[in-house]
Amino acid sequence: MASPLPSPKTTATQRDPLAALEELCFIHTMRSVAGRLRQALILAVLAMASACAVVPGTGRMQLNIISPAEEQRLGRQGFAAIRQQMPVSQDENATAMVQRVGQRIADVADLPKAEWEFVLFQNPEPNAFCLPGGKVGVHTGMLPITQDDAGLATVIAHEVAHAVAHHGAERMSEQILLEGIAVALFTGLADLDNETRIILFAAYGIGTTLGRVLPHSRLQETEADRIGLIYMARAGYDPAEAVAFWERFAEYKKQQGGAKPPAFLSTHPMDAQRIENLKRWLPRAKLQYRPR
Ligand SMILES: [Zn+2]
């Protein structure tokens, strides 16, 4: 008789590397990790724990080892580089719209030391971004989808929310510390047994490619949607227009078919959940909506 297949369930002796990495901001996890790793790794985790910050608007604890001044400097440099590579739109009306809507979002955004700039770039690919420190760029290719001020406010508020929540710095911090952990593993492995070594490498591999990076970017998307919705309402744009924009965007995605998605689509995965969330948050955002 054939023996039964081994249970896929985690046994008591197996560690769950994914769960360990996901909880790195918490001291209790540090204890369980610390028992197995070398001193260099413990120091890296300690550095991580001491670099947890609170996201304004949602209260989420996040990892951030990049100082606001450094972040601002990176944003300034990045924006200057983009301006050198991409032509600025000559469309005065559209440029005025981007600056008008952008300034209204900036006025209500929780980014105190921002050096705001709003630039409309001549580029057919629908995209928009806000670099740290308030450097906002919108592609002309985004305007047919945003359609009007409220649609544009949806996009700019979402991008500004990413900057307010220091999402770029958070991702960068994760990469730096994950690299640091990798180095620690490589340098501290000499006297670890083979089995432990394999488990640790698996933890690092899963943690970097699946456990941390991908779900986290969805988390950041959700956070930017939630903060952005409040900002557009405070700036005097009907937050219900955010739902309309994302529905138009979903339609645009459908029309794209199997074509390679533009940058905005690949960084803003469209799912029903996004629109569901926005609808759920709408009543709260409406409380802050003062039409102008
Ligand atoms: Zn986003």
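Over residues 199-216 pLDDT (the predictor's confidence in each residue, from 0 to 100) stays under 50, and the model has 23 contacts for them beyond four places in sequence; a contact means C-beta atoms, placed from the backbone, within 7 Å. This is a predicted model, in which local features need pLDDT of at least 70, side-chain atom pairs count only at pLDDT 80 or more, and totals for chains, interfaces and linings use all residues. Residues are numbered from 1 along each chain as its sequence is written. The mean pLDDT of the protein chain is 77, with 66% of its residues at 70 or more.

Now to the sheet. Helices (H or I, at least four residues) and strands (E, at least two) are DSSP runs, numbered from the N terminus. Three strands form an open sheet, ordered β3-β5-β4 with mixed pairing; strands pair if DSSP finds at least two bridges between them. β3 and β4 each have a single partner strand, so one side of each lacks a neighbour in the sheet. β4 pairs with β5 in the antiparallel sense over 4 bridges, and F129 has G137 of β5 as its bridge partner.

Two helices lie across these strands, with angles from 0 to 180 degrees between N-to-C directions of axes fitted to C-alpha atoms, for helices over the stretch in contact:

| Helix | Lies across | Angle |
|---|---|---|
| α4 (residues 68-85) | β3, β4 and β5 | about 30° to β5 |
| α7 | β4 and β5 | about 30° to β4 |

α7 (residues 149-164) also packs with α5 (residues 92-108) at about 55°, their axes 9 Å apart.

Note on methods: Contact = placed C-beta atoms within 7 Å.
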